[in-house]
Amino acid sequence: QVQLAESGGGLAQPGGSLGLSCAAPRSIFSIYTMGWYRQRPGKQRELVASITSGGITTYADSAKDRFTISRDNAKNTVNMEMNSLQPDDTAVYYCNAVRVWGLGSRANYWGQGTQVTVSS
């Protein structure tokens, strides 16, 4: 069973910042696309940002210009810095590792989730 170990999150005031970190096994981290999803209350889980093993990033429109995803290859971690947080960013944030290969083969792993609450 692959374990993705998340840390960070917590409580921030509107306009504030928080950071998330996710550690993965080296065998996963080196070849998988790593990402952060979130599930807001009453809504479906959605992609926030992802980064490929080669460093190509993708952001949801809601995260562009506010969130930054990065990889630390020495520590096998994916980090996300979240700035200008708003109450609508309140959600459980999940680390994800995904790999697609061959004719549709897919492996997908999730962290346990970490709560981010933005409130004054």
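This passage describes a four-stranded sheet and two individual residues in a predicted model.

The sheet is a good place to begin. Its four strands are arranged in the order β1-β3-β8-β7, and they form an open sheet with antiparallel pairing. The edge positions are taken by β1 (5–8) and β7 (67–72); each has a single partner strand, so one side of each lacks a neighbour in the sheet. On average, and with direction ignored, neighbouring strands of this sheet are turned by 15 degrees against each other.

At one edge, β1 runs antiparallel to β3 (residues 18–23), and four bridges join the two strands. Within this pairing, glutamate 6 has cysteine 22 of β3 as its bridge partner.

At the other edge, six bridges link β7 with β8, again in the antiparallel sense. Here phenylalanine 67 finds its bridge partner in methionine 82 of β8. The hairpin formed by β7 and β8 has four residues between the strands, and asparagine 76 in this hairpin adopts a positive phi near 55 degrees.

The side chains of β7 are worth a closer look. In a regular strand, side chains alternate between the two faces of the sheet. In β7, Phe67, Ile69 and Arg71 make up the covered face, while Thr68, Ser70 and Asp72 make up the uncovered one.

Just beyond this hairpin along the chain comes a loop between β8 (77–82) and β9 (91–101), and aspartate 89 lies in it. Is this loop residue buried or exposed? Its relative accessibility is 2%, so aspartate 89 counts as buried, the cut-off for that class being under 20%. Residues up to four places away in sequence aside, aspartate 89 touches Arg38, Arg66, Phe67, Ser84, Val116 and Val118. One of these contacts, Phe67, leads back to the sheet, as Phe67 belongs to the covered face of β7.

Leucine 47 offers another setting, this time within a strand: the residue is found in β5 (residues 46–51). With a relative accessible area of 30%, leucine 47 is partly exposed. Which residues does leucine 47 contact, leaving aside its neighbours within four places in sequence? They are Trp36, Tyr37 and Ala60. As for its position relative to glycine 9, the two residues are 38 residues apart along the chain, and their C-alpha atoms are separated by 17 Å.

Notes
Residues are numbered from 1 along each chain as its sequence is written. This is a predicted model: local features need pLDDT of at least 70, side-chain atom pairs count only at pLDDT 80 or more; totals for chains, interfaces and linings use all residues. Side-chain values use heavy atoms; hydrogens and water are left out. Buried means under 20% relative accessible area, exposed over 50%, partly exposed in between (1.4 Å probe, protein chains only). Contact means heavy atoms within 4.5 Å. Two strands pair if DSSP finds at least two bridges between them. Axes are lines fitted to C-alpha atoms, for helices over the stretch in contact, and angles run from 0 to 180 degrees between N-to-C directions.
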